[in-house]
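Me: I have a structure open and I'd like to learn how to read it. Could you walk me through it, feature by feature?

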Amino acid sequence: MRNISNNITTLLSQDSISIAYLVKIVAPGSTIRDTTTAYDITVGSETYTAGTGLLTVESPRLSQAVDREVYKIVYVDPTFSKRALFEAGLVGASVSVYVCFMNTTNGTLGGVAPGQYLTNVYRDWE
């Protein structure tokens, strides 16, 4: 069973919600941390870079089981800066996908001002 924090429950009850994706790819010889936000976001000690061409993430159907799930991660790469990495293949690479919620309330939520992203780490398996 997945647990949802009180802050996220509050945000999900709003008429309008806003999320961003954070993607971390650990491939042999390189680590990529990208975000769909308009600016860089730091979560814990890791900075996720904006403007890298990360377009969207299509998440799998929700299930009750904790298992490896398939995500479709779409990049726009007009300068081909990631082409070599993707052509070499990412089989065996560790990929983590996180959802980051924006505070869409009118007040501070979890220490985060309205219009800012909640970046405190919350994992339901800990």
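Reply: Sure. Keep in mind that this is a predicted model. Let's begin with a charged pair: K82 and D34 are both buried.

Me: How do I tell what those two side chains are doing, and which parts of the chain do they belong to?
Reply: Look for a Lys or Arg nitrogen within 4 Å of an Asp or Glu carboxyl oxygen; that's a salt bridge. Here the side chains of K82 and D34 meet in one, at 3.7 Å from N to O. K82 sits in the loop between β6 (72–75) and α2, while D34 belongs to strand β2, so the bridge ties together parts that are 48 residues apart in sequence.

Me: How many salt bridges does the structure hold?
Reply: Four. Take E46 and K24, whose closest N and O atoms are 2.7 Å apart. This pair also links distant parts of the chain, with E46 in strand β4 (residues 46–48) and K24 in strand β1, 22 residues apart. Both E46 and K24 are buried.

Me: Which residues are linked in a network of salt bridges?
Reply: K24, R33 and E46. So when you find one bridge, check whether either partner has another.

Me: What about R83 and E87: how far apart are they in helix α2?
Reply: They are four residues apart in helix α2, which puts about one helical turn between them. They form a salt bridge too, with the closest N and O atoms 2.8 Å apart.

Me: And how do I decide whether those two are buried or exposed?
Reply: Use relative accessible area: under 20% is buried, over 50% is exposed, and in between is partly exposed. R83 has 41% relative accessibility, so it counts as partly exposed. E87, at 57%, counts as exposed.

Me: Let's stay in that helix. Where does F86 fall on the scale?
Reply: F86 is in helix α2 (residues 83–88). Its relative accessible area is 31%, so it is partly exposed. To see what it packs against, skip the neighbours within four places in sequence; F86 is then in contact with I25 and Y75. You can also compare sequence with space: F86 and A27 are 59 residues apart in sequence and 10.0 Å apart from C-alpha to C-alpha.

Me: Now the strands. What order do they take in the open sheet?
Reply: Read a sheet from one edge across to the other. This open sheet has three strands in the order β2-β1-β7, with antiparallel pairing. β2 (30–35) and β7 (94–101) stand at the edges with a single partner strand each, so one side of each has no neighbour in the sheet. From one strand to the next, the twist averages 10°.

Me: How many bridges join β1 to β7?
Reply: Eight bridges join strand β1 (residues 19–27) to β7, and the two run antiparallel. For a spot to zoom in on, V26 stands opposite S94 in β7.

Me: One more, from a loop. Is T37 buried or exposed, and what does its side chain reach?
Reply: T37 lies in the loop between β2 and β3 (41–43). Its relative accessibility is 6%, so it counts as buried. The side chain of T37 reaches the backbone oxygen of Y39 at 2.5 Å. Leaving out residues up to four places away in sequence, T37 touches A20, A50, G51 and Y117.

Notes
Residues are numbered from 1 along each chain as its sequence is written. This is a predicted model: local features need pLDDT of at least 70, side-chain atom pairs count only at pLDDT 80 or more; totals for chains, interfaces and linings use all residues. Side-chain values use heavy atoms; hydrogens and water are left out. Two strands pair if DSSP finds at least two bridges between them. Axes are lines fitted to C-alpha atoms, for helices over the stretch in contact, and angles run from 0 to 180 degrees between N-to-C directions. Buried means under 20% relative accessible area, exposed over 50%, partly exposed in between (1.4 Å probe, protein chains only). A polar contact is a pair of N or O atoms within 3.5 Å; within protein, one must be able to donate a hydrogen and the other to accept it, and residues adjacent in sequence count only if both atoms are side-chain atoms. Contact means heavy atoms within 4.5 Å.
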